[in-house]
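Q: Could you take me through one part of this structure up close? I'd like to see what it is packed against and where it fits in the bigger picture.

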Amino acid sequence: MTVSRLFFAGLLLALSAPAMATDPQDVYTQGGANAAAMACVTCHGVNAEGLPAAGFPRIGGLPAGYMRKQLADYASGTRTNPIMQPIASALSPEEIHQVAQTLTDKPWPEVARIGRAAAAQSLGETLALRGAWERNIPECVACHGPGGAGVGVAFPPLAGQSTQYLSSQLNAWRQGTRKNDPNDLMGHIARSMTDAEVQAVSAYFAGLTETGAAQ
Amino acid sequence: MKTHMSALLLITLAIPVYAHSTSMEDQSQLITAAPDPASNRYFQPPQESELPDNAFGKLIQEGRALFVDTKNRAPDYVGNGLACANCHLEQGRKANSAPLWAAYTMYPAYRKKNNKVNSYAERLQGCFVYSMNGKAPAADGPIIAALTAYSYWLATGAPTGQELAGRAYPNVPEPEGGYDLVKGEQVYTAQCAICHGANGEGQKSDQDYVFPPLWGADSFNWGAGMHRINTAAAFIKENMPLGKGGTLSDEDAWHVAAFMNSHERPQDPRLVDGSVEKTRIKYHANDGVNLYGQTINGQTLGQ
């Protein structure tokens with residue numbers, strides 16, 4: 001999986017290199033035509049791996065449909081963030097399309113596919129693999145897939161993100177400052193979680209990849 | 001808290017319905033009296049942390065793993081993309097979602113479905129043949145042994161032969177004027193498609209279905225209990241969207257259940273003489289509300 005993705009990413013790079021001169025500029029590394037659309041690489045890193053300490057998420061390897069929705073939501077104000085809203089608003093639809101495609105072609109880290117059959121001891125594991133059904137909280141992996149690897153365009157990968165990013169998003173849902181999930185599917189769950197659970201489950205998924213952990 | 005309130009409300013509302021509802025439903029082993037509305041306390045199965053660290057505990061864990069990861073762990077007996085835990089939520093622990101602790105204590109029991117007294121092993125085999133569209137594992141083999149051990153353990157301390165509250169999906173009354181497939185499709189598109197796909201095909205992560213297919217070749221077959229619209233409506237009302245059970249109206253639960261079950265799915269393994277019509281008359285005419293052998297949008301279901 002990763003190997004073929006890497007291969008294709010490499011292939012794409014090789015193919016696109018000669019075309020650079022005539023193509024529109026690469027949004028990820030150079031930003032959009034509007035100067036307000038800063039280059040993504042500035043904050044999200046050379047490989048789009050994010051910057052955990054600052055809470056900037058990994059975005060390389062996210063599904064293009066998910067990226068397009070998030071950028072559109074920032075532009076419309078459905079998702080709020082003081083840094084991202086002006087940037088997304090300054091991107092043209094073509095630029096959004098281009099950068100989403102660039103990002104989806106990058107590799108996401110290998111994730112151990114731990115499912116509900118696995119043992120669950122710690123608080124984070126328990127929430128991820130067993131849920132807390134007395135509060136209508138399903139197992140995280142019931143929607144985000146084994147290991148939180150992500151499912152389709154609506155359920156993004158969790159493993160591979162940092163504890164900081166995951167907990168900040170859960171807290172945003174709890175406080176109602178993030179609400180761009182379809183049908184409040186994430187919001188209603190986050191609002192039933194405790195501080196300790198937010199921290200534990202964020203650390204759990206961050207710890208499933210070598211690069212996503214609190215490193 | 002809120003959930004308890006609405007669950008209680010649901011139970012209270014459901015009572016008058018039981019009186020005139022489905023004597024035709026093939027769940028003859030179920031006692032259809034409404035749960036005691038004064039009690040919202042359900043039987044509490046033991047915690048996983050209480051499992052003994054010995055061969056018995058190990059077998060129970062194997063059963064639990066089979067229950068949530070059925071296709072990978074019993075590939076020879078699963079013919080579709082489903083897992084036991086798709087219909088029995090919270091690994092078979094959740095009250096009102098057909099929990100194992102309430103099933104285990106009610107067998108052996110007579111079932112109209114096969115017109116005989118079934119052991120618990122035979123009941124589990126039925127799940128594999130119909131809901132999993134597969135083959136029955138041997139009654140004395142390791143799969144049934146593990147699932148039985150898991151069920152037995154979940155029922156620790158429960159009385160035998162006594163219907164426990166929360167055993168079934170609570171009945172949902174059929175809308176006055178019947179169900180509406182067009183409305184069902186609207187509900188499906190708005191509430192279900194994001195997980196189960198625009199065409200009920202489910203969604204995978206790598207090779208594993210995360211969201212189960214609801215119709216088509218990888219779903220339950222026409223002999224599964226979930227093919228009854230009344231059963232599916234009850235399941236959906238209680239459990240769907242996942243984690244948001246009880247949020248759909250009774251009417252919408254029926255409409256969308258009917259929409260789901262108005263699509264083609266694998267043949268009923270009890271097919272009589274290769275004839276859908278004979279099978280319909282023998283097994284479906286008196287089995288709740290279902291569309292087997294009926295013509296929808298010009299196509300006869302069950303082909």
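A: Sure, let's zoom in on helix H2 of chain B, keeping in mind that this is a predicted model. Start with its surroundings: the cover over the buried residues of H2(B) includes helix H3 (70-73), helix H4 (84-87), helix H5 (89-92) and helix H8 (142-154), which belong to chain B. And which residues sit under that cover? In H2(B), the buried ones are Ile60(B), Gly63(B), Arg64(B), Ala65(B), Leu66(B), Phe67(B) and Val68(B).

Now check the helix's length. H2(B) has 14 residues, and at 1.5 Å a residue it should span 20 Å; the C-alpha atoms at its ends are 20 Å apart, so the two values agree.

H2(B) also has a part in the contact between the chains. That contact takes 19 residues from chain B and 23 residues from chain A. On the chain B side, at least two residues come from each of helix H2 (55-68), helix H9 (181-196), strand E3 (203-205) and strand E4 (208-211). E4(B) gives the largest share of that side, three residues. Sorted by class, the side of chain B that touches chain A holds seven nonpolar, six polar and six charged residues.

Over in the partner, chain A is assigned domain 1 (2-104) and domain 2 (123-206). These two meet as well: 13 residues of domain 1 of chain A are in contact with 11 residues of domain 2 of chain A. The domain 1 side of that meeting has five nonpolar, five polar and three charged residues.

Methods
Residues are numbered from 1 along each chain as its sequence is written. Chains are lettered from A and ligands numbered from 1 in the order in which they are written. This is a predicted model: local features need pLDDT of at least 70, side-chain atom pairs count only at pLDDT 80 or more; totals for chains, interfaces and linings use all residues. Two residues are in contact if their C-beta atoms, placed from the backbone, lie within 7 Å. Helices (H or I, at least four residues) and strands (E, at least two) are DSSP runs, numbered from the N terminus. Ala, Val, Leu, Ile, Met, Phe, Trp, Tyr, Cys and Pro count as nonpolar, Asp, Glu, Lys and Arg as charged, and the others, Gly among them, as polar. Domain bounds come from an automatic or database domain assignment. The expected span of a helix is 1.5 Å times one less than its number of residues. A residue is buried if 20 or more other C-beta atoms lie within 10 Å of its own, exposed if 12 or fewer, and partly exposed in between; C-beta atoms are placed from the backbone.
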